[in-house]
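User: I'm new to reading protein models, and I'd like a close look at one part of this one: the backbone spots that look out of the ordinary. Could you walk me through them and show me how they sit in the rest of the chain?

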Amino acid sequence: MVEHLTQKQFEGYRSRQLEVEELLSVCDHLDVCEACRRRVETAADGDAAFYALRSGVFGEAAEVSAPHAERAHLTAEQTAAYVDGALAGESLETVTDHLSNCEHCALSVEDLRAFKDQITPSLAREYQPAAVAPPTESRWRRAFSSLASPLPLSPRPAFGAALAVLLLAVAGWVVWRATHERAPEQEVVVSPSPAQVPAPVVSPSPESQPTPPQPETAPAVAQINDGGGSLTLDREGRLSGADALPPAYRELLKETLAGRRIERSPQLRGLTRPGSSLMSSDTRAGEFSVLDPVGSVLLTDRPTFRWSPMEGASVYVVEVYDDGFNLVASSPQLNGRSWAASQTLPRGKVYSWQVKAVKDGEEVKAPRPPAPQARFRVLDRPKADELARAKRAYPSSHLTLALLYADAGLLNEAERELRLLQKANPGSDIARSLLRQVQALRRRSE
(Lines give C-alpha, C1' and ligand atoms only; values in the text may rest on other atoms or scores of the structure.)
Protein backbone atom coordinates (compact mmCIF):
# COMPACT_ATOMS: atom_id res chain seq x y z
CA MET A 1 0.00 0.00 0.00
CA VAL A 2 1.45 3.41 -1.02
CA GLU A 3 1.60 5.92 1.84
CA HIS A 4 0.23 9.34 0.83
CA LEU A 5 1.30 12.75 2.08
CA THR A 6 -0.14 13.90 5.37
CA GLN A 7 -1.84 17.28 5.67
CA LYS A 8 1.17 18.57 7.63
CA GLN A 9 3.62 17.45 4.92
CA PHE A 10 1.38 18.91 2.24
CA GLU A 11 1.18 22.32 3.92
CA GLY A 12 4.90 22.32 4.72
CA TYR A 13 5.73 21.54 1.08
CA ARG A 14 3.49 24.41 -0.14
CA SER A 15 5.00 26.89 2.33
CA ARG A 16 8.59 25.60 1.76
CA GLN A 17 9.14 25.01 5.48
CA LEU A 18 10.14 21.33 5.38
CA GLU A 19 13.45 20.06 6.66
CA VAL A 20 16.00 18.83 4.10
CA GLU A 21 15.41 15.11 4.59
CA GLU A 22 11.63 15.48 4.71
CA LEU A 23 11.66 17.65 1.57
CA LEU A 24 13.57 14.93 -0.30
CA SER A 25 11.15 12.30 0.99
CA VAL A 26 8.14 14.35 -0.19
CA CYS A 27 9.75 14.97 -3.62
CA ASP A 28 10.45 11.26 -4.02
CA HIS A 29 6.85 10.46 -3.09
CA LEU A 30 5.49 12.95 -5.65
CA ASP A 31 7.61 11.24 -8.34
CA VAL A 32 5.72 7.97 -7.90
CA CYS A 33 2.26 9.00 -6.53
CA GLU A 34 0.00 10.54 -9.14
CA ALA A 35 -2.80 11.22 -6.61
CA CYS A 36 -0.64 13.42 -4.42
CA ARG A 37 0.89 15.11 -7.44
CA ARG A 38 -2.58 16.06 -8.78
CA ARG A 39 -3.46 17.30 -5.34
CA VAL A 40 -0.43 19.63 -5.29
CA GLU A 41 -1.13 20.88 -8.84
CA THR A 42 -4.83 21.52 -8.07
CA ALA A 43 -3.97 23.45 -4.93
CA ALA A 44 -1.34 25.49 -6.81
CA ASP A 45 -3.94 26.66 -9.35
CA GLY A 46 -6.49 27.54 -6.71
CA ASP A 47 -9.21 25.53 -8.48
CA ALA A 48 -10.07 23.13 -5.62
CA ALA A 49 -9.78 22.77 -1.88
CA PHE A 50 -7.43 20.44 -0.13
CA TYR A 51 -8.59 16.93 0.66
CA ALA A 52 -7.07 14.79 3.36
CA LEU A 53 -5.53 11.61 2.08
CA ARG A 54 -5.40 8.37 3.99
CA SER A 55 -1.98 7.51 5.32
CA GLY A 56 -0.85 4.01 6.12
CA VAL A 57 2.13 2.24 7.41
CA PHE A 58 4.53 0.74 4.88
CA GLY A 59 4.37 -2.90 5.80
CA GLU A 60 6.20 -4.63 3.03
CA ALA A 61 8.63 -7.02 4.58
CA ALA A 62 12.15 -6.76 3.23
CA GLU A 63 13.74 -9.98 2.32
CA VAL A 64 16.69 -10.62 4.54
CA SER A 65 19.30 -13.01 3.39
CA ALA A 66 22.65 -13.86 4.84
CA PRO A 67 25.69 -12.69 2.92
CA HIS A 68 27.20 -15.21 0.57
CA ALA A 69 30.28 -17.01 1.75
CA GLU A 70 33.54 -15.76 0.41
CA ARG A 71 34.74 -17.65 -2.68
CA ALA A 72 37.61 -17.36 -5.09
CA HIS A 73 36.80 -15.42 -8.25
CA LEU A 74 37.67 -16.25 -11.84
CA THR A 75 41.05 -15.17 -13.11
CA ALA A 76 41.39 -12.69 -15.96
CA GLU A 77 42.50 -15.54 -18.26
CA GLN A 78 39.43 -17.64 -17.39
CA THR A 79 37.09 -14.68 -17.94
CA ALA A 80 38.64 -13.81 -21.33
CA ALA A 81 38.64 -17.45 -22.48
CA TYR A 82 34.97 -17.85 -21.49
CA VAL A 83 33.93 -14.71 -23.41
CA ASP A 84 35.94 -15.90 -26.48
CA GLY A 85 34.33 -19.35 -26.33
CA ALA A 86 37.74 -21.00 -25.92
CA LEU A 87 36.80 -23.19 -22.94
CA ALA A 88 35.65 -26.77 -23.26
CA GLY A 89 35.08 -29.86 -21.18
CA GLU A 90 35.76 -29.65 -17.47
CA SER A 91 37.14 -26.08 -17.66
CA LEU A 92 33.91 -24.80 -19.24
CA GLU A 93 31.77 -26.66 -16.70
CA THR A 94 33.79 -25.26 -13.79
CA VAL A 95 33.51 -21.65 -15.00
CA THR A 96 29.79 -22.03 -15.80
CA ASP A 97 29.05 -23.38 -12.31
CA HIS A 98 31.02 -20.52 -10.74
CA LEU A 99 29.17 -17.86 -12.75
CA SER A 100 25.80 -19.26 -11.67
CA ASN A 101 26.71 -18.60 -8.01
CA CYS A 102 29.01 -15.54 -8.18
CA GLU A 103 27.39 -12.29 -9.25
CA HIS A 104 30.70 -10.41 -9.12
CA CYS A 105 32.23 -12.64 -11.81
CA ALA A 106 28.97 -12.64 -13.79
CA LEU A 107 29.14 -8.83 -13.92
CA SER A 108 32.76 -9.00 -15.08
CA VAL A 109 31.85 -11.43 -17.88
CA GLU A 110 28.95 -9.23 -18.97
CA ASP A 111 31.11 -6.09 -19.04
CA LEU A 112 33.92 -7.84 -20.97
CA ARG A 113 31.44 -9.23 -23.52
CA ALA A 114 29.91 -5.76 -24.03
CA PHE A 115 33.38 -4.24 -24.52
CA LYS A 116 34.31 -6.96 -27.01
CA ASP A 117 31.10 -6.37 -29.01
CA GLN A 118 31.85 -2.64 -29.11
CA ILE A 119 35.43 -2.83 -30.40
CA THR A 120 35.03 -5.80 -32.77
CA PRO A 121 33.93 -3.66 -35.80
CA SER A 122 37.00 -1.41 -35.48
CA LEU A 123 39.33 -4.44 -35.27
CA ALA A 124 38.01 -5.75 -38.59
CA ARG A 125 38.95 -2.52 -40.40
CA GLU A 126 42.25 -2.62 -42.37
CA TYR A 127 44.47 0.44 -42.03
CA GLN A 128 47.06 1.16 -44.80
CA PRO A 129 49.21 4.17 -45.64
CA ALA A 130 47.83 6.39 -48.38
CA ALA A 131 49.12 5.50 -51.83
CA VAL A 132 51.34 8.16 -53.39
CA ALA A 133 51.72 8.16 -57.15
CA PRO A 134 55.39 7.98 -58.23
CA PRO A 135 56.63 11.12 -59.96
CA THR A 136 56.41 10.86 -63.75
CA GLU A 137 58.83 12.39 -66.18
CA SER A 138 57.22 14.20 -69.08
CA ARG A 139 58.01 13.34 -72.67
CA TRP A 140 59.19 16.91 -73.09
CA ARG A 141 61.86 16.35 -70.44
CA ARG A 142 62.93 13.02 -71.94
CA ALA A 143 63.20 14.62 -75.37
CA PHE A 144 65.43 17.40 -74.07
CA SER A 145 67.41 14.96 -71.96
CA SER A 146 68.17 13.03 -75.10
CA LEU A 147 69.15 16.26 -76.78
CA ALA A 148 71.38 17.13 -73.85
CA SER A 149 73.19 13.79 -73.97
CA PRO A 150 76.60 13.92 -75.67
CA LEU A 151 76.57 12.92 -79.35
CA PRO A 152 79.05 10.25 -80.36
CA LEU A 153 81.70 11.20 -82.81
CA SER A 154 80.94 9.96 -86.28
CA PRO A 155 83.40 9.33 -89.09
CA ARG A 156 80.73 10.42 -91.57
CA PRO A 157 80.84 13.79 -93.31
CA ALA A 158 79.49 16.97 -91.71
CA PHE A 159 76.36 16.69 -93.82
CA GLY A 160 75.32 13.49 -92.05
CA ALA A 161 75.84 15.10 -88.66
CA ALA A 162 73.74 18.10 -89.63
CA LEU A 163 70.99 15.84 -90.91
CA ALA A 164 70.96 13.95 -87.61
CA VAL A 165 70.63 17.20 -85.68
CA LEU A 166 67.78 18.30 -87.92
CA LEU A 167 65.92 15.00 -87.42
CA LEU A 168 66.28 15.31 -83.68
CA ALA A 169 64.88 18.86 -83.74
CA VAL A 170 61.90 17.72 -85.81
CA ALA A 171 61.27 14.83 -83.43
CA GLY A 172 61.35 17.22 -80.48
CA TRP A 173 58.87 19.56 -82.17
CA VAL A 174 56.48 16.62 -82.89
CA VAL A 175 56.66 15.48 -79.27
CA TRP A 176 55.99 19.01 -78.01
CA ARG A 177 53.00 19.44 -80.30
CA ALA A 178 51.54 16.05 -79.36
CA THR A 179 51.87 16.89 -75.68
CA HIS A 180 50.02 20.22 -75.96
CA GLU A 181 47.27 18.89 -78.21
CA ARG A 182 46.53 15.86 -76.03
CA ALA A 183 46.27 17.69 -72.73
CA PRO A 184 45.42 21.35 -73.36
CA GLU A 185 43.86 21.70 -69.94
CA GLN A 186 46.96 20.59 -68.07
CA GLU A 187 49.18 23.11 -66.40
CA VAL A 188 52.96 22.94 -66.29
CA VAL A 189 54.27 23.50 -62.77
CA VAL A 190 57.97 23.86 -62.05
CA SER A 191 58.99 22.20 -58.78
CA PRO A 192 62.41 23.47 -57.70
CA SER A 193 64.71 21.00 -56.01
CA PRO A 194 67.87 21.94 -54.15
CA ALA A 195 69.70 18.88 -55.53
CA GLN A 196 68.95 19.22 -59.25
CA VAL A 197 67.92 21.63 -61.98
CA PRO A 198 64.17 22.36 -61.84
CA ALA A 199 62.12 20.33 -64.33
CA PRO A 200 58.56 20.90 -65.52
CA VAL A 201 55.99 18.64 -63.83
CA VAL A 202 52.50 18.11 -65.20
CA SER A 203 49.81 18.38 -62.47
CA PRO A 204 46.62 16.35 -62.92
CA SER A 205 43.28 18.07 -63.43
CA PRO A 206 41.19 18.86 -60.32
CA GLU A 207 38.64 16.20 -61.32
CA SER A 208 41.27 13.46 -61.19
CA GLN A 209 42.77 14.53 -57.87
CA PRO A 210 41.88 12.30 -54.88
CA THR A 211 39.71 13.84 -52.18
CA PRO A 212 41.86 14.64 -49.12
CA PRO A 213 40.94 12.52 -46.09
CA GLN A 214 38.63 14.25 -43.65
CA PRO A 215 39.56 14.24 -39.95
CA GLU A 216 37.62 11.52 -38.15
CA THR A 217 35.68 12.21 -34.99
CA ALA A 218 36.90 10.07 -32.11
CA PRO A 219 34.49 7.13 -31.72
CA ALA A 220 32.29 6.95 -28.65
CA VAL A 221 33.26 4.65 -25.80
CA ALA A 222 29.95 5.06 -23.95
CA GLN A 223 26.66 6.81 -24.70
CA ILE A 224 23.48 7.05 -22.65
CA ASN A 225 20.36 9.24 -22.52
CA ASP A 226 20.10 11.24 -19.31
CA GLY A 227 18.93 14.63 -18.10
CA GLY A 228 16.89 15.36 -21.23
CA GLY A 229 19.92 14.85 -23.52
CA SER A 230 22.65 12.40 -24.44
CA LEU A 231 25.87 11.82 -22.52
CA THR A 232 28.76 10.68 -24.73
CA LEU A 233 32.31 9.72 -23.72
CA ASP A 234 34.83 9.30 -26.57
CA ARG A 235 38.15 7.47 -26.65
CA GLU A 236 40.04 10.67 -25.91
CA GLY A 237 38.22 10.94 -22.57
CA ARG A 238 36.05 13.89 -23.66
CA LEU A 239 32.56 13.98 -22.14
CA SER A 240 29.80 15.82 -23.99
CA GLY A 241 26.24 16.54 -22.93
CA ALA A 242 27.11 17.41 -19.31
CA ASP A 243 28.16 21.05 -19.64
CA ALA A 244 25.53 22.16 -17.10
CA LEU A 245 27.04 20.01 -14.33
CA PRO A 246 29.83 21.12 -11.97
CA PRO A 247 33.37 19.87 -12.79
CA ALA A 248 33.34 17.38 -9.89
CA TYR A 249 30.10 15.80 -11.14
CA ARG A 250 31.41 15.65 -14.72
CA GLU A 251 34.54 13.87 -13.50
CA LEU A 252 32.39 11.38 -11.58
CA LEU A 253 30.37 10.67 -14.74
CA LYS A 254 33.55 10.20 -16.82
CA GLU A 255 35.04 7.71 -14.37
CA THR A 256 31.82 5.70 -14.18
CA LEU A 257 31.18 5.61 -17.94
CA ALA A 258 34.79 4.67 -18.67
CA GLY A 259 35.04 1.92 -16.05
CA ARG A 260 31.34 1.01 -15.88
CA ARG A 261 31.79 0.44 -12.16
CA ILE A 262 30.13 1.65 -8.96
CA GLU A 263 32.41 1.12 -6.00
CA ARG A 264 31.24 0.35 -2.47
CA SER A 265 30.93 3.55 -0.42
CA PRO A 266 33.25 4.00 2.59
CA GLN A 267 30.11 5.13 4.48
CA LEU A 268 28.98 1.46 4.55
CA ARG A 269 32.19 0.26 6.21
CA GLY A 270 31.65 -1.35 9.60
CA LEU A 271 27.86 -1.61 9.33
CA THR A 272 27.72 -5.33 8.52
CA ARG A 273 29.60 -8.51 9.24
CA PRO A 274 29.01 -12.06 8.01
CA GLY A 275 26.30 -13.81 9.96
CA SER A 276 26.57 -17.31 11.37
CA SER A 277 24.91 -20.41 9.97
CA LEU A 278 22.49 -20.32 12.90
CA MET A 279 21.39 -16.82 11.92
CA SER A 280 20.85 -17.93 8.32
CA SER A 281 18.66 -20.86 9.35
CA ASP A 282 16.61 -18.63 11.63
CA THR A 283 16.00 -16.17 8.81
CA ARG A 284 14.92 -18.88 6.39
CA ALA A 285 12.55 -20.32 8.95
CA GLY A 286 10.84 -16.96 9.36
CA GLU A 287 11.92 -16.49 12.98
CA PHE A 288 11.37 -13.25 14.88
CA SER A 289 14.03 -10.81 13.52
CA VAL A 290 14.75 -7.18 12.63
CA LEU A 291 14.19 -6.11 9.02
CA ASP A 292 15.12 -2.47 8.48
CA PRO A 293 17.34 -0.48 8.83
CA VAL A 294 20.16 -3.05 8.80
CA GLY A 295 23.63 -2.36 7.35
CA SER A 296 22.50 0.80 5.54
CA VAL A 297 23.07 4.55 5.45
CA LEU A 298 19.98 6.71 6.06
CA LEU A 299 19.21 10.17 4.73
CA THR A 300 16.61 10.87 7.40
CA ASP A 301 17.54 11.43 11.04
CA ARG A 302 14.18 10.06 12.23
CA PRO A 303 14.21 6.51 10.85
CA THR A 304 11.35 4.02 10.83
CA PHE A 305 12.16 0.61 12.32
CA ARG A 306 10.51 -2.58 11.05
CA TRP A 307 10.64 -6.20 12.21
CA SER A 308 8.99 -9.54 11.54
CA PRO A 309 6.18 -10.67 13.87
CA MET A 310 6.54 -13.20 16.66
CA GLU A 311 3.68 -15.62 17.08
CA GLY A 312 1.93 -15.16 20.41
CA ALA A 313 3.69 -11.88 21.28
CA SER A 314 1.53 -9.34 23.06
CA VAL A 315 3.67 -6.17 22.69
CA TYR A 316 6.98 -5.01 21.20
CA VAL A 317 9.52 -2.42 22.40
CA VAL A 318 12.27 -0.84 20.22
CA GLU A 319 15.57 0.36 21.70
CA VAL A 320 18.24 2.41 19.85
CA TYR A 321 21.87 2.67 21.05
CA ASP A 322 24.86 4.77 19.96
CA ASP A 323 28.31 3.33 19.18
CA GLY A 324 29.12 3.42 22.91
CA PHE A 325 26.00 1.31 23.57
CA ASN A 326 24.25 4.18 25.32
CA LEU A 327 20.46 4.18 24.98
CA VAL A 328 19.48 7.20 22.85
CA ALA A 329 15.85 6.37 21.95
CA SER A 330 13.16 3.85 22.90
CA SER A 331 9.56 3.26 21.95
CA PRO A 332 6.51 2.69 24.11
CA GLN A 333 4.89 -0.73 24.06
CA LEU A 334 3.73 -1.39 20.48
CA ASN A 335 1.23 -3.78 18.93
CA GLY A 336 2.34 -3.28 15.32
CA ARG A 337 5.51 -4.24 13.43
CA SER A 338 7.00 -0.78 12.83
CA TRP A 339 7.88 2.35 14.76
CA ALA A 340 9.01 5.82 13.61
CA ALA A 341 11.50 7.45 15.95
CA SER A 342 9.86 10.20 17.97
CA GLN A 343 13.05 12.27 18.15
CA THR A 344 15.88 13.11 15.75
CA LEU A 345 19.15 11.22 15.97
CA PRO A 346 22.44 13.16 15.78
CA ARG A 347 23.83 13.00 12.23
CA GLY A 348 27.11 11.45 11.12
CA LYS A 349 27.01 8.63 13.70
CA VAL A 350 26.53 4.86 13.71
CA TYR A 351 23.70 3.31 15.72
CA SER A 352 22.48 -0.17 16.60
CA TRP A 353 18.95 -1.21 17.53
CA GLN A 354 16.95 -4.15 18.79
CA VAL A 355 13.30 -5.02 19.33
CA LYS A 356 11.95 -6.93 22.34
CA ALA A 357 8.83 -9.07 22.09
CA VAL A 358 6.87 -9.93 25.22
CA LYS A 359 5.33 -13.39 25.12
CA ASP A 360 3.73 -15.07 28.12
CA GLY A 361 5.43 -12.55 30.38
CA GLU A 362 8.90 -13.24 29.00
CA GLU A 363 11.06 -11.00 26.78
CA VAL A 364 12.57 -12.24 23.53
CA LYS A 365 15.10 -9.96 21.78
CA ALA A 366 16.00 -9.65 18.13
CA PRO A 367 18.67 -9.80 16.92
CA ARG A 368 20.05 -12.26 19.43
CA PRO A 369 23.49 -13.89 19.47
CA PRO A 370 25.15 -15.29 17.47
CA ALA A 371 23.41 -12.98 14.97
CA PRO A 372 25.29 -9.67 14.34
CA GLN A 373 23.98 -6.35 15.60
CA ALA A 374 21.53 -4.39 13.47
CA ARG A 375 23.63 -1.31 12.68
CA PHE A 376 22.98 1.77 10.52
CA ARG A 377 24.49 5.21 9.90
CA VAL A 378 22.69 8.57 9.74
CA LEU A 379 24.20 10.68 6.94
CA ASP A 380 26.11 13.76 8.07
CA ARG A 381 24.61 17.22 7.55
CA PRO A 382 27.01 18.60 4.82
CA LYS A 383 26.43 15.56 2.61
CA ALA A 384 22.68 15.68 3.16
CA ASP A 385 22.61 19.37 2.19
CA GLU A 386 24.66 18.69 -0.95
CA LEU A 387 22.26 15.94 -2.06
CA ALA A 388 19.29 18.22 -1.44
CA ARG A 389 20.83 20.91 -3.67
CA ALA A 390 21.65 18.38 -6.41
CA LYS A 391 18.10 17.01 -6.27
CA ARG A 392 16.69 20.50 -6.80
CA ALA A 393 19.20 21.52 -9.50
CA TYR A 394 19.31 18.31 -11.60
CA PRO A 395 16.05 16.42 -10.96
CA SER A 396 16.07 14.71 -14.38
CA SER A 397 19.72 13.62 -14.37
CA HIS A 398 19.13 10.16 -12.92
CA LEU A 399 22.69 8.95 -13.55
CA THR A 400 24.21 11.92 -11.70
CA LEU A 401 21.87 11.52 -8.72
CA ALA A 402 22.39 7.74 -8.63
CA LEU A 403 26.18 8.15 -8.48
CA LEU A 404 25.92 10.80 -5.75
CA TYR A 405 23.59 8.58 -3.71
CA ALA A 406 25.83 5.54 -4.17
CA ASP A 407 28.90 7.54 -3.15
CA ALA A 408 27.08 8.54 0.06
CA GLY A 409 26.07 4.92 0.75
CA LEU A 410 22.35 5.55 0.06
CA LEU A 411 21.82 2.35 -1.94
CA ASN A 412 18.01 2.43 -1.86
CA GLU A 413 17.94 5.90 -3.39
CA ALA A 414 20.66 4.98 -5.91
CA GLU A 415 18.71 1.92 -7.05
CA ARG A 416 15.58 4.02 -7.54
CA GLU A 417 17.41 6.50 -9.79
CA LEU A 418 19.06 3.71 -11.81
CA ARG A 419 15.69 2.08 -12.43
CA LEU A 420 14.49 5.37 -13.92
CA LEU A 421 17.71 5.54 -15.99
CA GLN A 422 17.16 2.02 -17.35
CA LYS A 423 13.56 2.91 -18.21
CA ALA A 424 14.89 5.79 -20.34
CA ASN A 425 17.53 3.47 -21.89
CA PRO A 426 15.81 0.06 -22.25
CA GLY A 427 18.55 -1.38 -24.49
CA SER A 428 21.58 0.05 -22.67
CA ASP A 429 24.13 -2.40 -21.27
CA ILE A 430 25.58 0.41 -19.14
CA ALA A 431 22.30 1.17 -17.33
CA ARG A 432 21.60 -2.52 -16.78
CA SER A 433 25.11 -3.23 -15.47
CA LEU A 434 25.13 -0.28 -13.03
CA LEU A 435 21.69 -1.27 -11.67
CA ARG A 436 22.84 -4.84 -11.07
CA GLN A 437 25.95 -3.63 -9.25
CA VAL A 438 23.92 -1.47 -6.84
CA GLN A 439 21.50 -4.35 -6.23
CA ALA A 440 24.46 -6.61 -5.43
CA LEU A 441 25.81 -4.02 -2.98
CA ARG A 442 22.40 -3.90 -1.28
CA ARG A 443 22.31 -7.67 -0.86
CA ARG A 444 25.77 -7.58 0.70
CA SER A 445 24.57 -4.96 3.19
CA GLU A 446 21.50 -6.88 4.30
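Analyst: Buried residues make up 33% of the 446 residues in the protein chain, and keep in mind that this is a predicted model. The chain holds 14 helices and 14 strands. It exposes about 28000 Å², with carbon and sulfur atoms supplying 54% of that area. If you take the contacts between residues at least 6 apart in sequence, 63% of them join residues at least 24 apart.

Now for the backbone. Here's the background you need: most residues other than glycine have a negative phi, and most peptide bonds are trans. With that in mind, let's go through the exceptions.

Start with the peptide bonds. Which way round is the bond from aspartate 292 to proline 293? That bond is cis, with omega near 5°. Look for proline 293 in the loop between strand 6 (290-292) and strand 7 (296-298). You'll find another cis bond running from proline 369 to proline 370, where omega is near 10°. Proline 370 also belongs to a loop, the one that links strand 13 (362-366) to strand 14 (374-378).

Next, the phi angles. Arginine 260 isn't a glycine, yet its phi is positive, near 55°. You can spot arginine 260 in the loop between helix 9 (247-259) and helix 10 (277-284). Is arginine 260 buried or exposed? Its relative accessible area is 14%, and anything under 20% counts as buried, so arginine 260 is buried.

Aspartate 360 has a positive phi as well, near 55°, and again this is a residue other than glycine. It lies in the loop between strand 12 (350-359) and strand 13. This time the surroundings are open: aspartate 360 has a relative accessible area of 72%, and the exposed label starts over 50%, so aspartate 360 is exposed.

A hairpin gives us one more positive phi. Strand 9 (315-322) and strand 10 (residues 327-330) pair in the antiparallel sense over three bridges. One of the matched pairs is tyrosine 321 with leucine 327, its bridge partner in strand 10. Between the two strands of this hairpin there are four residues, and phenylalanine 325 in that turn has a positive phi of about 60°.

Just ahead of strand 9 there's a proline to check out. Proline 309 is in the loop between strand 8 (304-307) and strand 9. With 42% relative accessibility, proline 309 counts as partly exposed. What does proline 309 touch, once you leave aside its neighbours within four places in sequence? The contacts are Phe288, Tyr316 and Arg337. Take arginine 337: along the sequence it is 28 residues from proline 309, but in space the two are 6.5 Å apart, C-alpha to C-alpha.

Glycine gets a turn too. Glycine 409 comes just after helix 12 and takes a positive phi of about 90°. What's helix 12 like? In this helix (residues 398-408), 10 of the 11 residues are buried, so the rest of the structure largely encloses it. The buried ones include His398, Leu399, Tyr405 and Ala408.

For some sheet practice, try strands 3, 4 and 5. Strands of a sheet pair through backbone hydrogen bonds, either parallel or antiparallel. In this case three strands make an open sheet in the order 3-4-5, and the pairing is antiparallel. Strand 3 (220-226) and strand 5 (239-240) are at the edges with a single partner strand each, so one side of each has no neighbour in the sheet. Strand 4 (residues 229-234) pairs with strand 5 over two bridges. Within that pairing, leucine 233 stands opposite leucine 239 in strand 5.

Last stop: the cysteines. A disulfide is a covalent bond between the sulfur atoms of two cysteines. How many disulfides are counted here? The count comes to zero. Cysteine 33 is in no disulfide, and the nearest cysteine sulfur, belonging to cysteine 36, is 3.6 Å away. The cut-off is within 2.5 Å, so that distance doesn't qualify. Cysteine 36 is in no disulfide either, with the sulfur of cysteine 33 as its nearest. Cysteine 33 is buried at a relative accessible area of 5%, and cysteine 36 is buried at 1%.

Definitions and conventions
Residues numbered from 1 in each chain as written. Predicted model: local features only at pLDDT ≥ 70, side-chain atom pairs only at ≥ 80, totals over all residues. Heavy atoms only, no water. Buried < 20%, exposed > 50% of the residue type's maximum accessible area, 1.4 Å probe, protein only. Contact = heavy atoms within 4.5 Å. Areas by Shrake-Rupley, 256 points an atom, 1.4 Å probe, with all protein chains shown as cover. Pairing = 2+ DSSP bridges.
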